[in-house]
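Here are some worked exercises on charged pairs and helix packing. Have a go at each task before you read the solution.

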Amino acid sequence: MAANEDDFKKVISHAKEFGFVFPSSEIYDGLSATYDYAQNGVELKNNIKKYWWMSMVQMHENIVGLDAAIFMHPTTWKASGHVDAFNDPLIDNKDSKKRYRADVLVEDHIEKIREKNNKDVAKAAKRFGDAFNEAEFRSTNGNVLRREEEIKKIEAQLSEVQNNEDLVAFKQLIDDLGIICPVSGSKNWTEIRQFNLMFGTELGSVAGDASTIYLRPETAQGIFVNYLNVQKTGRMKIPFGIAQIGKAFRNEIVARQFIFRMREFEQMEMQFFIQPGSQMKWYEYWKETRMKWHKALGFGDEYYRFHDHLKMAHYADAAADIEFKFPFGFKELEGIHSRTDFDLTQHEEFSGKKLRYFDPELNESYVPYVLETSIGVDRMFLAVLSTALKEEDLGEGKSRVVLNLPPALAPIKAAILPLVKKDGLPEKAREIMDVLKFDHNCMYEEKDTVGKRYRRQDAIGTPFCITVDHQTLEDNTVTIRDRETMEQERVAIDQLQSIIGDKVSMTKLLK
Ligand code: ATP
(Lines give C-alpha, C1' and ligand atoms only; values in the text may rest on other atoms or scores of the structure.)
Protein backbone atom coordinates (compact mmCIF):
# COMPACT_ATOMS: atom_id res chain seq x y z
CA MET A 1 0.00 0.00 0.00
CA ALA A 2 2.70 2.43 1.05
CA ALA A 3 4.72 1.62 -2.07
CA ASN A 4 1.67 2.36 -4.21
CA GLU A 5 1.08 5.61 -2.40
CA ASP A 6 4.66 6.51 -3.14
CA ASP A 7 4.14 5.65 -6.81
CA PHE A 8 1.10 7.88 -6.89
CA LYS A 9 3.00 10.76 -5.33
CA LYS A 10 5.68 10.32 -7.96
CA VAL A 11 3.07 10.54 -10.70
CA ILE A 12 1.70 13.78 -9.26
CA SER A 13 5.09 15.40 -8.88
CA HIS A 14 6.20 14.22 -12.32
CA ALA A 15 3.03 15.71 -13.79
CA LYS A 16 3.94 19.04 -12.26
CA GLU A 17 7.67 19.05 -12.87
CA PHE A 18 7.36 18.16 -16.54
CA GLY A 19 4.47 20.43 -17.48
CA PHE A 20 1.53 18.02 -17.58
CA VAL A 21 -0.79 19.08 -14.74
CA PHE A 22 -0.66 22.06 -12.37
CA PRO A 23 -2.90 22.81 -9.39
CA SER A 24 -5.40 25.44 -10.48
CA SER A 25 -4.70 29.05 -9.43
CA GLU A 26 -1.63 27.87 -7.58
CA ILE A 27 -0.40 31.38 -6.72
CA TYR A 28 -3.47 31.59 -4.45
CA ASP A 29 -2.63 28.18 -2.95
CA GLY A 30 -4.84 26.34 -5.42
CA LEU A 31 -8.52 25.44 -5.43
CA SER A 32 -9.44 22.05 -4.03
CA ALA A 33 -9.88 19.27 -6.60
CA THR A 34 -9.30 21.63 -9.53
CA TYR A 35 -6.38 21.28 -11.91
CA ASP A 36 -5.01 22.86 -15.07
CA TYR A 37 -3.43 21.01 -17.96
CA ALA A 38 -0.04 22.41 -18.86
CA GLN A 39 1.92 22.50 -22.11
CA ASN A 40 2.51 18.74 -22.36
CA GLY A 41 -0.69 17.79 -20.57
CA VAL A 42 -2.91 19.55 -23.06
CA GLU A 43 -1.22 17.69 -25.94
CA LEU A 44 -1.61 14.31 -24.25
CA LYS A 45 -5.21 15.11 -23.39
CA ASN A 46 -5.98 16.18 -26.96
CA ASN A 47 -4.42 12.99 -28.29
CA ILE A 48 -6.55 10.87 -25.95
CA LYS A 49 -9.62 12.72 -27.16
CA LYS A 50 -8.56 12.25 -30.76
CA TYR A 51 -8.05 8.51 -30.23
CA TRP A 52 -11.54 8.24 -28.78
CA TRP A 53 -13.18 10.44 -31.41
CA MET A 54 -11.54 8.60 -34.29
CA SER A 55 -12.52 5.20 -32.95
CA MET A 56 -16.10 6.25 -32.23
CA VAL A 57 -17.01 8.71 -34.96
CA GLN A 58 -14.55 8.24 -37.80
CA MET A 59 -14.52 4.43 -37.59
CA HIS A 60 -18.31 4.07 -37.32
CA GLU A 61 -20.44 5.08 -40.27
CA ASN A 62 -23.48 5.24 -38.01
CA ILE A 63 -22.02 7.46 -35.27
CA VAL A 64 -21.86 11.24 -35.57
CA GLY A 65 -20.61 13.95 -33.27
CA LEU A 66 -22.21 16.77 -31.32
CA ASP A 67 -21.08 19.72 -29.22
CA ALA A 68 -23.98 20.85 -27.05
CA ALA A 69 -23.96 23.80 -24.64
CA ILE A 70 -23.05 23.29 -21.00
CA PHE A 71 -26.11 25.25 -19.90
CA MET A 72 -29.44 23.60 -20.60
CA HIS A 73 -33.05 24.44 -19.90
CA PRO A 74 -33.58 23.74 -16.17
CA THR A 75 -36.44 21.33 -16.87
CA THR A 76 -33.91 19.03 -18.50
CA TRP A 77 -32.59 18.12 -15.07
CA LYS A 78 -36.03 17.58 -13.60
CA ALA A 79 -36.86 15.24 -16.47
CA SER A 80 -33.57 13.37 -16.25
CA GLY A 81 -34.07 12.75 -12.54
CA HIS A 82 -30.94 14.65 -11.50
CA VAL A 83 -32.76 17.25 -9.39
CA ASP A 84 -34.38 14.56 -7.26
CA ALA A 85 -31.97 11.67 -7.42
CA PHE A 86 -28.43 12.75 -8.31
CA ASN A 87 -27.30 12.33 -4.74
CA ASP A 88 -24.46 10.67 -2.92
CA PRO A 89 -24.78 9.35 0.64
CA LEU A 90 -22.61 11.50 2.89
CA ILE A 91 -21.22 10.57 6.30
CA ASP A 92 -18.86 12.40 8.68
CA ASN A 93 -16.46 11.05 11.23
CA LYS A 94 -16.99 13.08 14.40
CA ASP A 95 -13.40 12.73 15.58
CA SER A 96 -11.44 13.51 12.44
CA LYS A 97 -14.19 15.81 11.08
CA LYS A 98 -13.51 14.14 7.72
CA ARG A 99 -16.31 13.63 5.27
CA TYR A 100 -16.83 10.45 3.25
CA ARG A 101 -19.14 8.85 0.75
CA ALA A 102 -20.80 6.02 2.65
CA ASP A 103 -20.82 3.70 -0.39
CA VAL A 104 -17.11 4.31 -0.94
CA LEU A 105 -16.35 3.37 2.68
CA VAL A 106 -18.09 0.03 2.16
CA GLU A 107 -16.46 -0.52 -1.24
CA ASP A 108 -13.02 0.16 0.23
CA HIS A 109 -13.80 -2.32 2.99
CA ILE A 110 -14.64 -4.95 0.34
CA GLU A 111 -11.46 -4.13 -1.56
CA LYS A 112 -9.43 -4.81 1.60
CA ILE A 113 -10.94 -8.28 1.87
CA ARG A 114 -10.19 -8.86 -1.81
CA GLU A 115 -6.59 -7.76 -1.22
CA LYS A 116 -6.24 -10.43 1.49
CA ASN A 117 -7.29 -13.05 -1.04
CA ASN A 118 -4.86 -11.69 -3.60
CA LYS A 119 -2.07 -11.91 -1.02
CA ASP A 120 -2.92 -15.54 -0.28
CA VAL A 121 -2.91 -16.27 -4.00
CA ALA A 122 0.46 -14.57 -4.44
CA LYS A 123 1.92 -16.51 -1.52
CA ALA A 124 0.66 -19.81 -2.88
CA ALA A 125 1.96 -18.97 -6.35
CA LYS A 126 5.38 -18.44 -4.87
CA ARG A 127 5.24 -21.71 -2.93
CA PHE A 128 4.03 -23.89 -5.79
CA GLY A 129 6.03 -22.24 -8.56
CA ASP A 130 5.23 -23.34 -12.12
CA ALA A 131 2.79 -26.01 -10.95
CA PHE A 132 0.45 -23.33 -9.52
CA ASN A 133 -3.06 -23.19 -10.89
CA GLU A 134 -4.70 -19.96 -9.74
CA ALA A 135 -8.26 -20.83 -10.76
CA GLU A 136 -8.08 -24.12 -8.90
CA PHE A 137 -6.58 -22.49 -5.81
CA ARG A 138 -9.30 -19.85 -5.75
CA SER A 139 -12.06 -22.42 -6.07
CA THR A 140 -10.75 -24.77 -3.36
CA ASN A 141 -8.86 -22.80 -0.70
CA GLY A 142 -10.98 -22.49 2.43
CA ASN A 143 -9.90 -18.99 3.46
CA VAL A 144 -10.28 -17.59 -0.03
CA LEU A 145 -13.74 -19.10 -0.45
CA ARG A 146 -14.89 -17.84 2.93
CA ARG A 147 -13.78 -14.30 2.05
CA GLU A 148 -15.46 -14.52 -1.37
CA GLU A 149 -18.71 -15.42 0.40
CA GLU A 150 -18.22 -12.51 2.77
CA ILE A 151 -17.69 -10.14 -0.18
CA LYS A 152 -20.83 -11.37 -1.91
CA LYS A 153 -22.85 -10.89 1.25
CA ILE A 154 -21.62 -7.33 1.79
CA GLU A 155 -22.21 -6.44 -1.86
CA ALA A 156 -25.77 -7.73 -1.61
CA GLN A 157 -26.35 -5.74 1.59
CA LEU A 158 -24.88 -2.60 0.02
CA SER A 159 -27.06 -2.83 -3.05
CA GLU A 160 -30.13 -3.48 -0.91
CA VAL A 161 -29.69 -0.39 1.28
CA GLN A 162 -28.89 1.70 -1.80
CA ASN A 163 -31.80 0.44 -3.86
CA ASN A 164 -34.19 0.96 -0.94
CA GLU A 165 -32.58 4.32 -0.19
CA ASP A 166 -32.63 3.18 3.42
CA LEU A 167 -30.14 5.49 5.11
CA VAL A 168 -30.71 4.02 8.57
CA ALA A 169 -29.93 0.48 7.39
CA PHE A 170 -26.97 1.88 5.45
CA LYS A 171 -25.53 3.37 8.64
CA GLN A 172 -26.20 0.09 10.43
CA LEU A 173 -24.20 -1.73 7.75
CA ILE A 174 -21.21 0.56 8.34
CA ASP A 175 -21.48 -0.09 12.08
CA ASP A 176 -21.88 -3.85 11.61
CA LEU A 177 -18.83 -4.03 9.37
CA GLY A 178 -16.86 -2.14 12.02
CA ILE A 179 -15.57 0.34 9.45
CA ILE A 180 -13.17 2.85 10.93
CA CYS A 181 -12.19 6.30 9.73
CA PRO A 182 -8.79 6.01 7.99
CA VAL A 183 -7.74 9.32 9.58
CA SER A 184 -8.91 9.10 13.21
CA GLY A 185 -9.20 5.31 13.41
CA SER A 186 -12.53 5.72 15.22
CA LYS A 187 -16.03 4.37 14.52
CA ASN A 188 -17.65 7.58 15.74
CA TRP A 189 -19.85 8.28 12.69
CA THR A 190 -22.72 10.71 12.10
CA GLU A 191 -25.97 9.62 10.48
CA ILE A 192 -25.92 9.33 6.69
CA ARG A 193 -27.63 12.00 4.60
CA GLN A 194 -28.15 12.54 0.90
CA PHE A 195 -26.23 15.30 -0.86
CA ASN A 196 -27.11 16.58 -4.36
CA LEU A 197 -24.08 16.87 -6.61
CA MET A 198 -25.29 19.51 -9.06
CA PHE A 199 -23.86 23.02 -9.14
CA GLY A 200 -26.63 25.59 -9.45
CA THR A 201 -26.22 29.15 -10.66
CA GLU A 202 -28.34 32.08 -11.82
CA LEU A 203 -29.15 32.89 -15.39
CA GLY A 204 -29.11 36.62 -16.16
CA SER A 205 -29.74 39.20 -13.48
CA VAL A 206 -33.02 37.99 -11.99
CA ALA A 207 -32.63 36.02 -8.79
CA GLY A 208 -35.08 33.40 -7.61
CA ASP A 209 -35.96 29.77 -8.05
CA ALA A 210 -37.37 30.10 -11.55
CA SER A 211 -34.05 31.21 -12.94
CA THR A 212 -31.84 28.59 -11.30
CA ILE A 213 -29.90 26.70 -13.90
CA TYR A 214 -27.33 23.96 -13.46
CA LEU A 215 -23.88 23.27 -14.79
CA ARG A 216 -24.42 19.94 -16.53
CA PRO A 217 -23.37 16.96 -14.39
CA GLU A 218 -23.08 14.77 -17.50
CA THR A 219 -22.91 15.48 -21.21
CA ALA A 220 -25.50 12.81 -22.06
CA GLN A 221 -28.59 15.00 -21.71
CA GLY A 222 -27.35 17.34 -24.45
CA ILE A 223 -27.39 14.32 -26.73
CA PHE A 224 -30.88 13.18 -25.73
CA VAL A 225 -32.56 16.51 -26.32
CA ASN A 226 -30.89 16.77 -29.74
CA TYR A 227 -31.36 13.20 -30.85
CA LEU A 228 -34.33 13.79 -33.14
CA ASN A 229 -32.72 16.87 -34.71
CA VAL A 230 -29.62 14.85 -35.50
CA GLN A 231 -31.62 11.84 -36.70
CA LYS A 232 -33.69 13.96 -39.07
CA THR A 233 -31.02 16.28 -40.44
CA GLY A 234 -28.45 13.48 -40.68
CA ARG A 235 -31.03 11.03 -42.03
CA MET A 236 -29.78 8.51 -39.48
CA LYS A 237 -31.29 5.04 -39.26
CA ILE A 238 -31.46 3.06 -36.05
CA PRO A 239 -29.10 1.74 -34.78
CA PHE A 240 -27.08 4.96 -34.71
CA GLY A 241 -24.97 6.83 -32.20
CA ILE A 242 -24.16 10.40 -31.17
CA ALA A 243 -20.79 11.09 -29.58
CA GLN A 244 -19.76 14.11 -27.56
CA ILE A 245 -16.74 15.34 -25.63
CA GLY A 246 -17.23 18.08 -23.10
CA LYS A 247 -17.00 19.42 -19.59
CA ALA A 248 -19.20 18.19 -16.77
CA PHE A 249 -19.47 19.45 -13.20
CA ARG A 250 -20.19 17.63 -9.95
CA ASN A 251 -19.97 18.95 -6.45
CA GLU A 252 -18.20 15.80 -5.26
CA ILE A 253 -18.24 15.15 -1.51
CA VAL A 254 -14.72 13.84 -1.45
CA ALA A 255 -12.25 14.78 -4.14
CA ARG A 256 -8.79 13.89 -2.92
CA GLN A 257 -7.26 11.76 -5.63
CA PHE A 258 -5.62 14.28 -7.94
CA ILE A 259 -7.38 14.28 -11.34
CA PHE A 260 -9.21 11.00 -10.64
CA ARG A 261 -12.12 12.83 -9.03
CA MET A 262 -12.56 16.51 -9.74
CA ARG A 263 -15.43 18.92 -9.48
CA GLU A 264 -14.89 20.13 -13.03
CA PHE A 265 -13.94 17.38 -15.45
CA GLU A 266 -14.38 16.24 -19.01
CA GLN A 267 -16.37 13.35 -20.39
CA MET A 268 -16.39 11.44 -23.65
CA GLU A 269 -19.85 10.00 -24.03
CA MET A 270 -21.63 8.15 -26.79
CA GLN A 271 -25.33 7.38 -26.79
CA PHE A 272 -26.33 4.59 -29.15
CA PHE A 273 -30.00 4.55 -30.18
CA ILE A 274 -31.43 1.08 -30.75
CA GLN A 275 -34.62 -0.93 -31.15
CA PRO A 276 -36.32 -1.76 -27.85
CA GLY A 277 -35.48 -5.33 -26.90
CA SER A 278 -32.06 -5.33 -28.59
CA GLN A 279 -30.28 -3.74 -25.61
CA MET A 280 -28.53 -6.86 -24.30
CA LYS A 281 -26.96 -7.56 -27.68
CA TRP A 282 -25.65 -3.99 -27.90
CA TYR A 283 -24.64 -3.97 -24.25
CA GLU A 284 -22.34 -6.94 -24.90
CA TYR A 285 -21.11 -5.39 -28.17
CA TRP A 286 -20.13 -2.11 -26.57
CA LYS A 287 -18.56 -3.73 -23.52
CA GLU A 288 -16.30 -5.71 -25.81
CA THR A 289 -15.61 -2.86 -28.23
CA ARG A 290 -14.68 -0.45 -25.50
CA MET A 291 -12.45 -2.96 -23.73
CA LYS A 292 -10.59 -3.53 -27.01
CA TRP A 293 -10.03 0.22 -27.36
CA HIS A 294 -8.36 0.29 -23.96
CA LYS A 295 -6.27 -2.82 -24.45
CA ALA A 296 -4.99 -1.65 -27.85
CA LEU A 297 -2.81 0.85 -25.96
CA GLY A 298 -0.63 -2.08 -24.95
CA PHE A 299 -0.23 -1.51 -21.21
CA GLY A 300 -1.20 -5.14 -20.52
CA ASP A 301 -4.49 -6.94 -19.98
CA GLU A 302 -3.89 -7.20 -16.25
CA TYR A 303 -4.70 -3.50 -15.89
CA TYR A 304 -8.35 -3.95 -16.80
CA ARG A 305 -11.37 -5.72 -15.42
CA PHE A 306 -15.14 -5.48 -15.70
CA HIS A 307 -17.24 -4.74 -12.70
CA ASP A 308 -20.92 -5.51 -13.20
CA HIS A 309 -23.24 -3.25 -11.25
CA LEU A 310 -25.61 -4.66 -8.73
CA LYS A 311 -26.99 -1.24 -7.89
CA MET A 312 -28.23 0.46 -11.05
CA ALA A 313 -28.58 4.16 -11.51
CA HIS A 314 -32.22 5.22 -11.72
CA TYR A 315 -32.18 5.00 -15.51
CA ALA A 316 -30.40 1.70 -16.20
CA ASP A 317 -31.39 -1.95 -16.68
CA ALA A 318 -27.82 -3.20 -17.02
CA ALA A 319 -24.53 -1.51 -16.21
CA ALA A 320 -20.87 -2.40 -16.03
CA ASP A 321 -17.70 -0.46 -15.37
CA ILE A 322 -14.37 -0.96 -16.99
CA GLU A 323 -12.06 -0.70 -14.01
CA PHE A 324 -8.41 0.19 -14.30
CA LYS A 325 -5.55 -0.65 -11.98
CA PHE A 326 -4.59 2.84 -10.82
CA PRO A 327 -1.68 3.25 -8.38
CA PHE A 328 -4.32 3.27 -5.60
CA GLY A 329 -6.07 0.11 -6.81
CA PHE A 330 -8.77 -0.93 -9.28
CA LYS A 331 -11.26 1.90 -9.84
CA GLU A 332 -13.87 2.85 -12.40
CA LEU A 333 -12.50 4.30 -15.62
CA GLU A 334 -15.51 3.95 -17.90
CA GLY A 335 -19.16 3.04 -17.57
CA ILE A 336 -21.30 1.12 -20.07
CA HIS A 337 -24.96 1.54 -19.34
CA SER A 338 -28.14 0.23 -20.86
CA ARG A 339 -30.34 3.30 -20.25
CA THR A 340 -33.54 1.83 -21.74
CA ASP A 341 -36.00 4.46 -22.99
CA PHE A 342 -35.90 6.21 -19.63
CA ASP A 343 -34.38 9.53 -20.68
CA LEU A 344 -36.27 9.99 -23.94
CA THR A 345 -39.60 9.04 -22.35
CA GLN A 346 -38.99 11.50 -19.54
CA HIS A 347 -38.14 14.26 -22.02
CA GLU A 348 -41.31 13.48 -23.98
CA GLU A 349 -43.34 13.82 -20.84
CA PHE A 350 -41.72 17.01 -19.53
CA SER A 351 -41.47 18.78 -22.90
CA GLY A 352 -44.77 17.60 -24.33
CA LYS A 353 -42.93 16.95 -27.63
CA LYS A 354 -42.95 13.60 -29.38
CA LEU A 355 -39.49 12.04 -29.48
CA ARG A 356 -40.41 8.97 -31.50
CA TYR A 357 -38.49 7.40 -34.31
CA PHE A 358 -40.30 5.94 -37.29
CA ASP A 359 -38.66 2.63 -38.07
CA PRO A 360 -39.10 1.85 -41.78
CA GLU A 361 -38.07 -1.77 -41.19
CA LEU A 362 -40.75 -2.42 -38.60
CA ASN A 363 -43.13 0.14 -40.09
CA GLU A 364 -43.86 1.57 -36.63
CA SER A 365 -42.89 4.46 -34.35
CA TYR A 366 -41.27 3.99 -31.00
CA VAL A 367 -39.08 5.67 -28.41
CA PRO A 368 -35.63 4.14 -29.00
CA TYR A 369 -33.67 2.41 -26.28
CA VAL A 370 -30.23 3.75 -25.53
CA LEU A 371 -26.89 2.16 -24.86
CA GLU A 372 -24.32 4.53 -23.36
CA THR A 373 -20.56 4.44 -23.12
CA SER A 374 -19.14 7.10 -20.80
CA ILE A 375 -15.53 7.72 -19.95
CA GLY A 376 -13.76 10.53 -18.13
CA VAL A 377 -10.97 12.15 -20.13
CA ASP A 378 -9.10 13.05 -16.96
CA ARG A 379 -9.31 9.53 -15.55
CA MET A 380 -8.07 8.18 -18.84
CA PHE A 381 -5.22 10.71 -18.70
CA LEU A 382 -4.33 9.52 -15.18
CA ALA A 383 -4.52 5.87 -16.25
CA VAL A 384 -2.15 6.52 -19.15
CA LEU A 385 0.25 8.76 -17.24
CA SER A 386 0.53 6.58 -14.13
CA THR A 387 1.06 3.38 -16.10
CA ALA A 388 3.52 4.86 -18.55
CA LEU A 389 5.78 6.36 -15.88
CA LYS A 390 8.71 4.07 -15.17
CA GLU A 391 12.03 4.29 -13.43
CA GLU A 392 14.38 2.08 -15.40
CA ASP A 393 17.54 0.58 -14.03
CA LEU A 394 20.24 0.90 -16.69
CA GLY A 395 22.89 -1.02 -14.78
CA GLU A 396 26.22 0.31 -13.40
CA GLY A 397 24.29 2.41 -10.89
CA LYS A 398 22.56 4.37 -13.64
CA SER A 399 18.85 4.80 -14.10
CA ARG A 400 16.43 6.87 -16.12
CA VAL A 401 12.88 8.11 -15.69
CA VAL A 402 10.91 7.41 -18.82
CA LEU A 403 7.32 7.95 -19.85
CA ASN A 404 6.47 4.92 -21.96
CA LEU A 405 3.52 6.54 -23.66
CA PRO A 406 1.98 4.87 -26.68
CA PRO A 407 3.68 6.96 -29.42
CA ALA A 408 0.32 8.01 -30.87
CA LEU A 409 -0.52 9.72 -27.57
CA ALA A 410 2.87 11.32 -26.91
CA PRO A 411 2.71 15.15 -26.60
CA ILE A 412 5.80 15.63 -28.74
CA LYS A 413 6.63 13.17 -31.47
CA ALA A 414 10.22 14.16 -32.19
CA ALA A 415 12.81 16.45 -30.63
CA ILE A 416 15.34 17.96 -32.98
CA LEU A 417 18.69 18.54 -31.35
CA PRO A 418 21.76 20.19 -32.87
CA LEU A 419 24.79 18.53 -31.27
CA VAL A 420 26.37 21.93 -30.63
CA LYS A 421 25.11 25.49 -30.84
CA LYS A 422 27.46 26.49 -33.67
CA ASP A 423 28.98 25.50 -37.03
CA GLY A 424 25.64 25.81 -38.80
CA LEU A 425 24.11 22.87 -36.92
CA PRO A 426 21.23 24.92 -35.40
CA GLU A 427 20.32 26.20 -38.87
CA LYS A 428 20.32 22.67 -40.29
CA ALA A 429 18.20 21.43 -37.37
CA ARG A 430 15.70 24.23 -37.95
CA GLU A 431 15.45 23.21 -41.59
CA ILE A 432 14.47 19.69 -40.55
CA MET A 433 12.02 21.07 -38.01
CA ASP A 434 10.41 23.22 -40.70
CA VAL A 435 9.67 20.13 -42.77
CA LEU A 436 8.46 17.84 -39.98
CA LYS A 437 6.30 20.36 -38.16
CA PHE A 438 3.53 20.21 -40.75
CA ASP A 439 2.77 16.62 -39.81
CA HIS A 440 4.00 16.27 -36.25
CA ASN A 441 4.29 18.20 -33.06
CA CYS A 442 8.07 18.62 -32.83
CA MET A 443 10.37 20.43 -30.47
CA TYR A 444 13.67 22.15 -31.11
CA GLU A 445 16.15 22.10 -28.26
CA GLU A 446 19.77 23.24 -28.13
CA LYS A 447 20.42 23.82 -24.43
CA ASP A 448 22.57 21.41 -22.34
CA THR A 449 24.47 18.31 -23.38
CA VAL A 450 22.75 15.91 -25.72
CA GLY A 451 22.58 13.29 -22.94
CA LYS A 452 20.64 15.68 -20.70
CA ARG A 453 18.33 16.58 -23.57
CA TYR A 454 17.63 12.89 -24.21
CA ARG A 455 16.69 12.42 -20.55
CA ARG A 456 14.32 15.38 -20.63
CA GLN A 457 12.59 13.98 -23.71
CA ASP A 458 12.37 10.52 -22.09
CA ALA A 459 10.61 12.11 -19.12
CA ILE A 460 7.90 13.60 -21.32
CA GLY A 461 7.57 10.51 -23.47
CA THR A 462 8.94 11.76 -26.81
CA PRO A 463 9.30 8.69 -29.06
CA PHE A 464 12.21 10.08 -31.12
CA CYS A 465 15.23 12.33 -30.68
CA ILE A 466 16.90 13.46 -33.87
CA THR A 467 20.46 14.67 -33.51
CA VAL A 468 22.08 16.89 -36.10
CA ASP A 469 25.90 16.66 -36.11
CA HIS A 470 28.78 17.65 -38.35
CA GLN A 471 28.29 14.63 -40.58
CA THR A 472 24.77 15.87 -41.28
CA LEU A 473 26.25 18.86 -43.11
CA GLU A 474 28.27 16.54 -45.31
CA ASP A 475 25.83 13.78 -46.21
CA ASN A 476 22.35 14.82 -45.05
CA THR A 477 22.05 12.08 -42.47
CA VAL A 478 21.12 12.36 -38.79
CA THR A 479 20.98 10.00 -35.85
CA ILE A 480 17.54 9.03 -34.66
CA ARG A 481 17.21 7.67 -31.13
CA ASP A 482 14.33 5.47 -30.10
CA ARG A 483 12.90 6.23 -26.64
CA GLU A 484 12.08 2.63 -25.83
CA THR A 485 15.33 0.93 -26.85
CA MET A 486 17.57 4.02 -26.50
CA GLU A 487 19.28 2.77 -29.66
CA GLN A 488 20.53 5.21 -32.25
CA GLU A 489 20.52 4.72 -35.93
CA ARG A 490 21.98 6.83 -38.71
CA VAL A 491 19.37 7.61 -41.34
CA ALA A 492 18.92 9.97 -44.29
CA ILE A 493 16.93 13.12 -43.51
CA ASP A 494 14.38 12.28 -46.15
CA GLN A 495 13.57 9.00 -44.35
CA LEU A 496 12.54 10.78 -41.14
CA GLN A 497 9.05 11.59 -42.28
CA SER A 498 8.13 7.96 -42.84
CA ILE A 499 9.96 6.56 -39.78
CA ILE A 500 8.15 8.96 -37.46
CA GLY A 501 4.83 8.75 -39.29
CA ASP A 502 4.80 4.97 -39.07
CA LYS A 503 5.54 4.87 -35.36
CA VAL A 504 3.18 7.58 -34.14
CA SER A 505 0.20 6.83 -36.35
CA MET A 506 -3.13 6.16 -34.68
CA THR A 507 -4.06 3.75 -37.44
CA LYS A 508 -2.28 0.86 -35.74
CA LEU A 509 -4.18 1.40 -32.51
CA LEU A 510 -7.48 1.67 -34.33
CA LYS A 511 -6.95 -1.46 -36.40
P1 ATP B 1 -17.93 7.35 -9.49
O2 ATP B 1 -18.70 6.14 -9.02
O3 ATP B 1 -16.45 7.16 -9.52
O4 ATP B 1 -18.35 8.62 -8.82
P5 ATP B 1 -19.82 7.54 -11.57
O6 ATP B 1 -20.29 6.13 -11.66
O7 ATP B 1 -20.64 8.54 -10.88
O8 ATP B 1 -18.33 7.57 -11.01
P9 ATP B 1 -20.51 8.15 -14.26
O10 ATP B 1 -21.65 8.99 -13.89
O11 ATP B 1 -20.76 6.79 -14.82
O12 ATP B 1 -19.49 8.05 -13.02
O13 ATP B 1 -19.57 9.00 -15.22
C14 ATP B 1 -18.91 8.43 -16.33
C15 ATP B 1 -17.41 8.63 -16.24
O16 ATP B 1 -17.08 9.99 -15.98
C17 ATP B 1 -16.74 7.84 -15.13
O18 ATP B 1 -16.47 6.53 -15.53
C19 ATP B 1 -15.48 8.63 -14.89
O20 ATP B 1 -14.46 8.24 -15.81
C21 ATP B 1 -15.89 10.05 -15.20
N22 ATP B 1 -16.13 10.81 -13.97
C23 ATP B 1 -17.25 10.79 -13.20
N24 ATP B 1 -17.11 11.64 -12.17
C25 ATP B 1 -15.89 12.19 -12.26
C26 ATP B 1 -15.16 13.15 -11.50
N27 ATP B 1 -15.69 13.73 -10.43
N28 ATP B 1 -13.92 13.50 -11.90
C29 ATP B 1 -13.37 12.94 -13.01
N30 ATP B 1 -14.00 12.04 -13.76
C31 ATP B 1 -15.25 11.66 -13.42
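**Exercise 1.** Is Lys503 buried, exposed or partly exposed? Work out the setting of its salt bridge with Asp482 as well.

*Solution.* Keep in mind that this is a predicted model.
- Step one: Lys503 has a relative accessible area of 25%. Buried would need under 20% and exposed over 50%, so Lys503 is partly exposed.
- Step two: the side chains of Lys503 and Asp482 meet at 3.3 Å, N to O. A salt bridge requires the two atoms to be within 4 Å, so this pair counts as one.
- Step three: place the partners. Lys503 sits in helix H16 (residues 493-504) and Asp482 in strand E22 (residues 477-482), so the bridge links distant parts of the chain, 21 residues apart.
- Step four: Asp482 has a relative accessible area of 16%, so that side of the pair is buried.

**Exercise 2.** How far apart in sequence are Glu111 and Arg114 within helix H5, and what do their side chains do?

*Solution.*
- Step one: both belong to helix H5 (residues 102-128), 3 residues apart, which means about one helical turn separates them.
- Step two: their side chains form a salt bridge, with the closest N and O atoms 3.2 Å apart.
- Step three: check the exposure of Glu111. Its relative accessible area is 18%, and the cut-off for buried is under 20%, so Glu111 is buried.

**Exercise 3.** Compare the surroundings of Lys447 and Asp448 using their accessibility.

*Solution.*
- Step one: the two form a salt bridge whose closest N and O atoms are 3.9 Å apart.
- Step two: Lys447 has a relative accessible area of 54%, so it is exposed.
- Step three: Asp448 comes out at 31%, so it is partly exposed.

To zoom out, a search of the whole structure turns up 39 salt bridges. Some charged residues join up in a network, namely Asp88, Arg101, Asp103, Glu252 and Arg261.

**Exercise 4.** At what angle do H5 and helix H7 pack, and how are they oriented to each other?

*Solution.*
- Step one: the angle between H5 and H7 (residues 142-163) is about 165°, and their axes lie 10 Å apart.
- Step two: anything over 145 degrees counts as roughly antiparallel, so H5 and H7 are roughly antiparallel.
- Step three: the handedness of the crossing of H5 with H7 is left-handed.
- Step four: list the contact. H5 contributes residues including Val106, Ile110, Ile113 and Arg114, while those from H7 include Val144, Arg147, Ile151 and Leu158.
- Step five: sorted by class, the H5 and H7 contact has 7 nonpolar, 4 polar and 9 charged residues.

**Exercise 5.** Repeat the analysis for helix H2 and helix H12.

*Solution.*
- Step one: H2 (residues 39-58) and H12 (residues 377-388) pack at about 110°, with axes 10 Å apart.
- Step two: the range for roughly perpendicular is 65 to 115 degrees, so H2 is roughly perpendicular to H12.
- Step three: the H2 side of the contact is Gly41, Leu44, Lys45, Ile48 and Lys49, and the H12 side is Val377, Asp378, Met380, Phe381, Val384 and Leu385.
- Step four: the classes in the H2 and H12 contact are 7 nonpolar, 1 polar and 3 charged.

Technical notes: Residues numbered from 1 in each chain as written. Predicted model: local features only at pLDDT ≥ 70, side-chain atom pairs only at ≥ 80, totals over all residues. Heavy atoms only, no water. Helix = DSSP H or I, 4+ residues; strand = E, 2+ residues; numbered from the N terminus. Buried < 20%, exposed > 50% of the residue type's maximum accessible area, 1.4 Å probe, protein only. Axes fitted to C-alpha atoms, helices over the stretch in contact; angles between N-to-C directions. Parallel < 35°, antiparallel > 145°, perpendicular 65-115°, else oblique. Left-handed = near helix turned anticlockwise from the far one by under 90°. Contact = heavy atoms within 4.5 Å. Nonpolar A, V, L, I, M, F, W, Y, C, P; charged D, E, K, R; others polar.
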